[in-house]
Amino acid sequence: MDTSVTIIGLVITLLLATPLFFVLRSSMITNKKIKTIKATHSKNNTYNYELTEILNNKVMSIDQSNKAFLFMDFNNNQEHTAFIDLTVVKSCDLVLTTKSSKETIVKIDLEFQYKDAVSKDVVTIYTIENDQINQIRLYEEHQLAIKWKALIDKCISN
């Protein structure tokens with residue numbers, strides 16, 4: 001009787017520990033990627049990304065003292081990284097792209113206008129193609145974009 005209880009306990013423990021192991025392993029790999037990308041875009045430790053937010057495989061970091069913005073998208077289809085030096089940026093706009101037939105948002109971008117007034121950079125926060133079940137992540141990522149646009153505007157104006 002004690003042997004069967006011990007075996008059942010071990011099996012239940014393994015069933016609970018296996019998913020936790022994979023979640024922790026995935027989290028460690030993602031954190032290692034984030035640290036590597038931050039180090040790559042730090043330019044000899046010039047930038048210190050003190051404010052970082054992670055949501056839906058998207059990472060946004062900002063260095064408010066040295067004025068730099070770093071965006072990472074660890075999407076299933078492709079990984080994307082964008083570094084923006086905010087010292088040469090004049091303005092940041094939130095651009096929502098909708099379908100013509102409906103008011104369904106299909107894309108959310110942050111558009112950076114440079115001081116030279118010729119070039120622009122676009123950082124895509126949300127696309128409907130990357131949302132597995134249409135518009136499940138839309139609200140969260142729209143709120144994230146609004147919040148970070150305000151942070152970027154505050155950093156540009158200082």
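Burial and core packing in a predicted single-chain model

Of the 158 residues in the chain, 34% are buried. The structure described here is a predicted model, and the chain in it has two helices and seven strands, which follow one another along the sequence in the pattern α-β-β-β-β-β-β-β-α. The C-alpha trace spans about 80 × 50 × 25 Å along its principal axes, and the radius of gyration of the chain is 21 Å, whereas a compact globule of 158 residues would have a value near 15 Å. About 10,100 Å² of the chain is exposed, and carbon and sulfur atoms supply 58% of this area. The chain carries 18 positive and 18 negative charges, and the mean positions of these two sets are 3 Å apart. When contacts between residues at least 6 apart in sequence are considered, 42% of them join residues that are at least 24 apart.

The largest nonpolar core consists of 27 residues, and those with the most contacts inside it are Phe-69, Leu-86, Phe-112 and Ile-152. At least two residues of this core come from each of strand 2 (58-63), strand 3 (68-74), strand 4 (79-85), strand 5 (89-98), strand 6 (105-114), strand 7 (120-127) and helix 2 (138-157). Helix 2 gives the most, with eight residues. A second core, separate from this one, is made of nine residues, including Ile-34, Val-59, Leu-70 and Phe-74.

The surroundings of single residues show in more detail how these elements meet. When neighbours within four places in sequence are left aside, Phe-112 is in contact with Phe-69, Leu-86 and Ile-152, among others, and these three are listed with Phe-112 as the residues with the most contacts inside the largest core. The contacts of Phe-112 also include Ile-84, Val-89 and Val-123, as well as Ser-91, Ser-119, Lys-120 and Asp-121.

Ile-62 is placed in strand 2, and it counts as buried because its relative accessibility is 0%, where the limit for a buried residue is under 20%. Although Ile-62 and Leu-86 are 24 residues apart in sequence, their C-alpha atoms are 9.6 Å apart in space, and the two residues are in contact. Apart from neighbours within four places in sequence, Ile-62 is also in contact with Trp-148, Leu-151, Ile-152 and Cys-155, and with a run of residues comprising Asn-48, Tyr-49, Glu-50 and Leu-51. Ala-68 is a further contact of Ile-62.

Thr-127 lies in strand 7, and with a relative accessibility of 15% this residue likewise counts as buried. Once residues up to four places away in sequence are excluded, Thr-127 touches Val-106 and Lys-107.

Two loop positions are notable for their backbone angles. Most residues other than glycine have a negative phi. Asn-56, however, has a phi near 50°, a positive value, and this residue lies in the loop between strand 1 (51-55) and strand 2. Lys-67, which is not a glycine either, has a positive phi of about 55° and is located in the loop between strand 2 and strand 3. Despite its place in a loop, Lys-67 is buried, because its relative accessible area is 17% and therefore falls under the 20% limit.

Conventions:
Residues are numbered from 1 along each chain as its sequence is written. This is a predicted model: local features need pLDDT of at least 70, side-chain atom pairs count only at pLDDT 80 or more; totals for chains, interfaces and linings use all residues. Side-chain values use heavy atoms; hydrogens and water are left out. A nonpolar core is a set of buried Ala, Val, Leu, Ile, Met, Phe, Trp, Tyr and Cys residues joined through side-chain atoms within 4.5 Å. Buried means under 20% relative accessible area, exposed over 50%, partly exposed in between (1.4 Å probe, protein chains only). Helices (H or I, at least four residues) and strands (E, at least two) are DSSP runs, numbered from the N terminus. Contact means heavy atoms within 4.5 Å. The radius of gyration is taken over C-alpha atoms; the globule rule is 2.2 Å times the number of residues to the power 0.38. Accessible areas come from the Shrake-Rupley method with a 1.4 Å probe; for residues, only the protein chains shown count as cover. Lys and Arg count as positive and Asp and Glu as negative; His and the chain ends are not counted. The place of a charge is taken as NZ of Lys, CZ of Arg, CG of Asp or CD of Glu.
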